[in-house]
Structures are given as structure tokens and as C-alpha cells.
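Welcome, and please take a look at the model below. The report that follows walks through its strands, charges and backbone.

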Amino acid sequence: MTIEEFIKEVEALGLNVTEEKLEQLDIIYNTLVETNKTMNLTRITEKDDVYLKHFYDSLTLAKVYDLSKVNTLCDIGTGAGFPGLVLKIFYPNLEITLVDSLLKRVKYLNNLIDKLQLTGIKAYHIRAEDLIKENKKFDIVTARAVSALPKLLLWTMPLVNKNGSFLAMKGNVEEELELSKDLMKKHNWYVNKKESFTLPNKDDVRTILEIKNKA
């Protein structure tokens, strides 16, 4: 995905692409590639692939949810900062909590956040299970390619506000949904939206689930 293609596809999601945002993404890309030489952040390092499979992919949440209408978002198992870091650039309204269990990645992210001069976003070295014990709640909780859905639901749904949503970023999810049916019924969770699509390269299948608590 070239920069021009990225701009076109992101604008098709209803998002505004400015020079400042492109400069911030360029800083993320260059820092990611440089740091990846000494720390395992991602297998994807080619520029076109990073813009497609990390940057654009992070923003596909816009297909199911208007994140300009909420205040707080928690990205569980954020890894190299996707989707949370990219979401912060396009949704400055969001107060974002990045969660990862590897201290090296958390330090990398907080240094990068400082370099980007972003406020209202911070990475924390904590496991989701321990964050739940702190009784934290968020409008939106998301996780991208973290774990199978049954396990993931137990890590994420307790962090969701009463009227909030968990946005699961997945590939083909039918089998995982089937395995989650009993768990979801037990906890009064339900799929409010399910959006399946391919990335603009037409090869990578994605599914975004919006899962909510029954009132």
C-alpha cells in the first residue's frame, strides 16, 4: 500500500488525513523498523506492508464504531502499539491505555509516545487479568490478533463499561464464535455487530466483532 493508496482508503473510512498525521505515522514507521533490529516487535517491516497491515488495519475499527463519540479506550496486548497508537493520531479525543505484558515493549511505546509528543495515551506493563483486579472500566476495549475469542472475552469484557463495547479484531472468526457461545450466554454477552471484509490487497480477511453486555 503506497502512501497515496493509504490516504485514499483511510478517507474512504470517513477519516481525515493531514500532513501532521502522515508525519507522525512516518516517525512510527522509522522508529519501528530501527527498533525491530534489536527487539522483536513485528515480522512486517516493508513500508507498504506496514501501512496496509498495521496502520490501515488499525483504522478499520471505523467500519463498526464511531470512536469520535467515546472518551476512553483500552488496547489489550498492544504489542508494537497497534491499533491503539494509530487510533490516537486519528482520534485525539480518545484517552488511550495501551496494555502489554512485556516490559521492553512498554518502554519502547512510552518513548515513542514522547517522541510523537502525544498526550492522553500511555503504555502500561500489566496483564489484562491484573488490570481487571484494579476495577478499571473503559468505553471501548479492543484487541488485535491477541488470543482465541473464548479466552479473550474473559480478559476484555470485565473491563468494558456497562454501556461500552469490546471490539475484537480478528481474521476468520466463525469457529471461535461457535466455541464462545456457551460462555457468552452464561455472562449475558452478545454480538451487536459483525463486519467481515478484506484489506485493500484483497488477500487478508478481517472480521471485527462488537460485543456488548445485555442490559
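## Charged pairs

K69 is exposed, with a relative accessible area of 68%. Here buried means under 20% relative accessible area, exposed over 50% and partly exposed in between, for a 1.4 Å probe and protein chains only. Before going further, please keep in mind that this is a predicted model, in which local features need pLDDT of at least 70 and side-chain atom pairs count only at pLDDT 80 or more, while totals for chains, interfaces and linings use all residues. Residues are numbered from 1 along each chain as its sequence is written, and side-chain values use heavy atoms, with hydrogens and water left out.

What does K69 pair with? Its salt-bridge partner is D66, at 3.3 Å from N to O. D66 itself counts as partly exposed, at 36% relative accessibility. A salt bridge is a side-chain nitrogen of Lys or Arg within 4 Å of a carboxyl oxygen of Asp or Glu, and by this rule the count comes to 12. Side chains of opposite charge can pair when their charged atoms come close.

Three of these pairs are set side by side here.

| Salt bridge | Closest N to O distance |
|---|---|
| E34 and K37 | 3.1 Å |
| D66 and K69 | 3.3 Å |
| R127 and E129 | 3.6 Å |

From the pair in the top row, K37 is exposed, with a relative accessible area of 62%. In the bottom row, R127 is partly exposed at 46%, and E129 is partly exposed at 29%. Elsewhere, salt bridges that share partners join D57, R144 and R206 into one network.

## A negative patch

Some charges form a patch instead. Which residues form the negative surface patch? They are E4, E5, E46, D48 and D49. The elements that give two or more residues to the patch are α1 (3-12) and α3 (47-59). Patches are made of residues with over 30% relative accessible area and no salt bridge, with like charges joined within 9 Å. Areas come from the Shrake-Rupley method with a 1.4 Å probe, and for residues only the protein chains shown count as cover. Lys and Arg count as positive and Asp and Glu as negative, while His and the chain ends are not counted. The place of a charge is taken as NZ of Lys, CZ of Arg, CG of Asp or CD of Glu.

Helices (H or I, at least four residues) and strands (E, at least two) are DSSP runs, numbered from the N terminus. Helix α3 is home to both D49 and L59. D49 is partly exposed, with a relative accessible area of 32%, whereas L59 counts as buried at 0%. The C-alpha atom of L59 is separated by 7.3 Å from that of V86, although the two residues are 27 residues apart along the chain.

## Strand β7 and its partners

Is strand β7 (residues 205-213) largely enclosed or open? Seven of its nine residues are buried, so β7 is largely enclosed by the rest of the structure. Two strands pair if DSSP finds at least two bridges between them. Strand β6 (residues 189-198) runs antiparallel to β7, and nine bridges join them. Strand β5 (residues 160-170) also pairs with β7 in the antiparallel sense, over five bridges.

Individual partners help to place the register. On the β6 side, V191 has I211 of β7 as its bridge partner, and F197 stands opposite R206. On the β5 side, M169 stands opposite I208. R206 also belongs to the salt-bridge network with D57 and R144. In a regular strand the side chains alternate between the two faces of the sheet.

## Backbone details

Most residues other than glycine have a negative phi, and most peptide bonds are trans. Against that background, a few places deserve a look. In the hairpin of β6 and β7, which has six residues between the strands, K202 takes a positive phi near 70°. N188 has a positive phi near 65° and is found in the loop between α8 (174-187) and β6. N188 counts as partly exposed, at 41% relative accessibility.

Q117 has a positive phi as well, near 55°. Q117 lies in the loop between α5 (103-116) and β3 (121-125) and is exposed, with a relative accessible area of 71%.

Where is the cis peptide bond? The bond from F82 to P83 is cis, with omega near 10°. P83 sits in the loop between β1 (72-76) and α4 (84-90).

Conventions:
Patches are made of residues with over 30% relative accessible area and no salt bridge: like charges are joined within 9 Å, nonpolar side chains (Val, Leu, Ile, Met, Phe, Trp, Tyr) within 5 Å.
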